[in-house]
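Got your viewer open? Load the model, switch to a cartoon view, and let's walk through it stop by stop.

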Amino acid sequence: MFCTNCGKEIPDNAVVCTACGCLVNGERAVSYCTQEQQQGNGMAIAGFVCSFFVPLLGWIFGGIGLSRSAKRNGKGKAFSIAALAIASVGFVLNMALLF
Ligand SMILES: [Zn+2]
């Protein structure tokens, strides 16, 4: 199938486009990026939410969100930075609890 966001050919069972990194729906090859561009920066919000529970995911999504916000007139930048900050605090807290 083809990614609806960037148009590159990707494996039929791909969940994430190998070219642009957007989530794709395997059945209809619907890219969530199109939806995301209308609504804002989904990665930043995902990172913000995840950072409370899983700091590592918060870092990943927050980092992706931050790089995407640069291409989208700063959309989601605050969420991305908050996600990275909360993930860092969460990581320190997790370490403090473990050791
Ligand atoms: Zn793509």
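What share of the contacts in the protein with a separation of 6 or more comes from residues 24 or more positions apart? It comes to 44%, where contact means heavy atoms within 4.5 Å.

Before you click further, some ground rules. This is a predicted model, in which local features need pLDDT of at least 70 and side-chain atom pairs count only at pLDDT 80 or more, while totals for chains, interfaces and linings use all residues. Residues are numbered from 1 along each chain as its sequence is written, and side-chain values use heavy atoms, with hydrogens and water left out.

**Stop 1: the whole chain.** Look at the cartoon: you get four helices and zero strands, in the order α-α-α-α. Here helices (H or I, at least four residues) and strands (E, at least two) are DSSP runs, numbered from the N terminus. Of the 99 residues, 29% count as buried; buried means under 20% relative accessible area, exposed over 50%, and partly exposed in between (1.4 Å probe, protein chains only). Turn on the surface too: about 6,200 Å² is accessible, and 66% of that belongs to carbon and sulfur atoms. Those areas come from the Shrake-Rupley method with a 1.4 Å probe; for residues, only the protein chains shown count as cover.

**Stop 2: colour by confidence.** Use pLDDT, the predictor's confidence in each residue, from 0 to 100. The average is 76, and 83% of the residues score at least 70. Select residues 32–39, helix α1: confidence is lowest there, at a mean of 50. Now jump to helix α4 (residues 77–98), where confidence is highest, at 85. Back in 35–39, pLDDT stays under 50, and the model has nine contacts beyond four places in sequence for these residues.

**Stop 3: the core.** Select Met1, Cys3, Ile10, Ala14, Cys17 and Val24, the six residues of the largest nonpolar core. A nonpolar core is a set of buried Ala, Val, Leu, Ile, Met, Phe, Trp, Tyr and Cys residues joined through side-chain atoms within 4.5 Å. Zoom in on Cys17: leaving out residues up to four places away in sequence, Cys17 touches Cys3, Cys6, Ile10, Cys22 and Val24.

**Stop 4: Gly21.** You'll find Gly21 in the segment before α1. Gly21 counts as partly exposed because its relative accessibility is 29%. Beyond its neighbours within four places in sequence, Gly21 is in contact with Val16 and Arg68. Try a distance label to Cys6: C-alpha to C-alpha, Gly21 and Cys6 are 9.6 Å apart, with their positions 15 residues apart in sequence.

**Stop 5: helix α2.** Pick Phe48, which sits in this helix. Is Phe48 buried or partly exposed? At 24% relative accessibility, Phe48 counts as partly exposed. Setting aside residues up to four places away in sequence, Phe48 touches Phe79, Ala82, Ala83 and Ile86. The C-alpha atoms of Phe48 and Ile86 are 7.7 Å from each other, though the two are 38 residues apart along the chain.

Next, select Val49, also in α2. Val49 has 43% relative accessibility, so Val49 counts as partly exposed.

**Stop 6: the nonpolar patch.** Add Ile45, Phe52, Phe53, Val54, Leu56, Leu57, Ile60 and Phe79 to Val49, and you have a nonpolar surface patch of about 850 Å². Patches are made of residues with over 30% relative accessible area and no salt bridge (a side-chain nitrogen of Lys or Arg within 4 Å of a carboxyl oxygen of Asp or Glu); like charges are joined within 9 Å, nonpolar side chains (Val, Leu, Ile, Met, Phe, Trp, Tyr) within 5 Å. Both α2 (42–53) and α3 (55–71) supply at least two residues each, and α2 gives the most, with four.
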